[in-house]
Amino acid sequence: MPRVTVGSEGANPIEIYYEDHGTGTPVVLSHGYPLSGQAWEKQVSALLAAGYRVITYDRRGWGNSSQPASGYDYDTFASDVNVLLTDLDVRDAILVGHSMGTGDVARYLGRYGTERVAKAVLMSPIPPFLLRTDDNPEGAPQSLFDGFIQAARADRNAWLKQFLENFYNLDVYGGSLVSDEAFQASLNVAVAGSPVAAVACIPTWLTDFRDDLAKVDVPVLVIQGDQDRVLPIGVTGQRLSAFIGDTRLLVIEGGPHAIAWTHSDQVNAALLDFLQK
């Protein structure tokens, strides 16, 4: 399986698993918590059919990538992306992130710039800044995230199941837009991930991306559902235009956090339209 080495832990290499298919303009897809690159299944097929080169990868701790005991912060995640893009010599790419993956995109652009990037897409975004502070009153209190960490430590499997139920708005879309089998497949990926990563990723959600966003000098498409329970649109997607110069927001009516799966036709149409302009 294709991998790039991004570091080491003791005598063991830390490797990022990726898949690289097709030809043409490269589209790099960064998945959300607590899944893997497989979460982009419905976008990969549409992008390949439209003639794009499609690169997915598993964030460290998840999927087929290494599961180290450290490195769960956005500086490291962005460094992992940089190694991947450099190793594959990706240029004029469209970076697409979902959920936690939007943080990968934002920090990568803030730290490494846009030499290799032509456009970016932030789907169900985590930026600009989730934590409530004096200069960010729209954010959520620290106690909310402390509760998430406590729940993940107490019973990781139960936490992941509950998280995914909100991820898909399962009470609304279960049995229709989300089959029992699709939900179980996501849960299988989640529980197979690193127990360390399942907890350690949660504090990263409080990363302040405002300075990163101010450095973005390529067009950005934001796609988000108005029923996103994980990252409510009012504190995330609707705020991004204040920080990014060239940005457009597409709101998907009724869309949960997992719009790439539940509303894939709308997402794919918007994605392809943005890529082709």
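What span should the 13 residues of helix H4 have at 1.5 Å a residue, and how far apart are its end C-alpha atoms? In this predicted model, H4 covers residues 142-154 and should span 18 Å. Its end C-alpha atoms are 18 Å apart, which agrees with that expectation.

The two sides of H4 can be told apart by their accessibility. Phe-145, Ile-149 and Ala-152 are buried in this helix. Seen down the axis of H4, the buried residues fall within an arc of 65°, so they line one face of the helix. On the face turned away from this buried side, H4 carries the exposed residues Ser-143, Gln-150 and Ala-154. The packing partners of the buried residues of H4 are helix H5 (156-168) and helix H8 (195-204).

A further helix pairing involves H1 (41-49) and H11 (residues 264-276). The axes of H1 and H11 come within 10 Å and cross at roughly 45°. An angle from 35 to 65 degrees falls outside the roughly parallel and roughly perpendicular ranges and counts as oblique; H1 and H11 are therefore oblique to each other. Their crossing is right-handed. On the H1 side, the contact is made by Lys-42, Gln-43, Ala-46 and Leu-47. H11 contributes Ser-264, Val-267, Asn-268, Leu-271, Leu-272 and Leu-275 to this contact.

The loop between strand E3 (26-30) and H1 contains Ala-39. This residue is partly exposed, with a relative accessible area of 30%. Ala-39 and Val-189 are 150 residues apart in sequence, whereas their C-alpha atoms are 9.5 Å apart in space.

Terms used. Residues are numbered from 1 along each chain as its sequence is written. This is a predicted model: local features need pLDDT of at least 70, side-chain atom pairs count only at pLDDT 80 or more; totals for chains, interfaces and linings use all residues. Side-chain values use heavy atoms; hydrogens and water are left out. Helices (H or I, at least four residues) and strands (E, at least two) are DSSP runs, numbered from the N terminus. Buried means under 20% relative accessible area, exposed over 50%, partly exposed in between (1.4 Å probe, protein chains only). The expected span of a helix is 1.5 Å times one less than its number of residues. The arc is that of the directions from the helix axis to the C-beta atoms. Contact means heavy atoms within 4.5 Å. Axes are lines fitted to C-alpha atoms, for helices over the stretch in contact, and angles run from 0 to 180 degrees between N-to-C directions. Angles under 35 degrees count as roughly parallel, over 145 as roughly antiparallel, 65 to 115 as roughly perpendicular and the rest as oblique. A crossing is left-handed if the near helix is turned anticlockwise from the far one by less than a right angle, and right-handed if clockwise.
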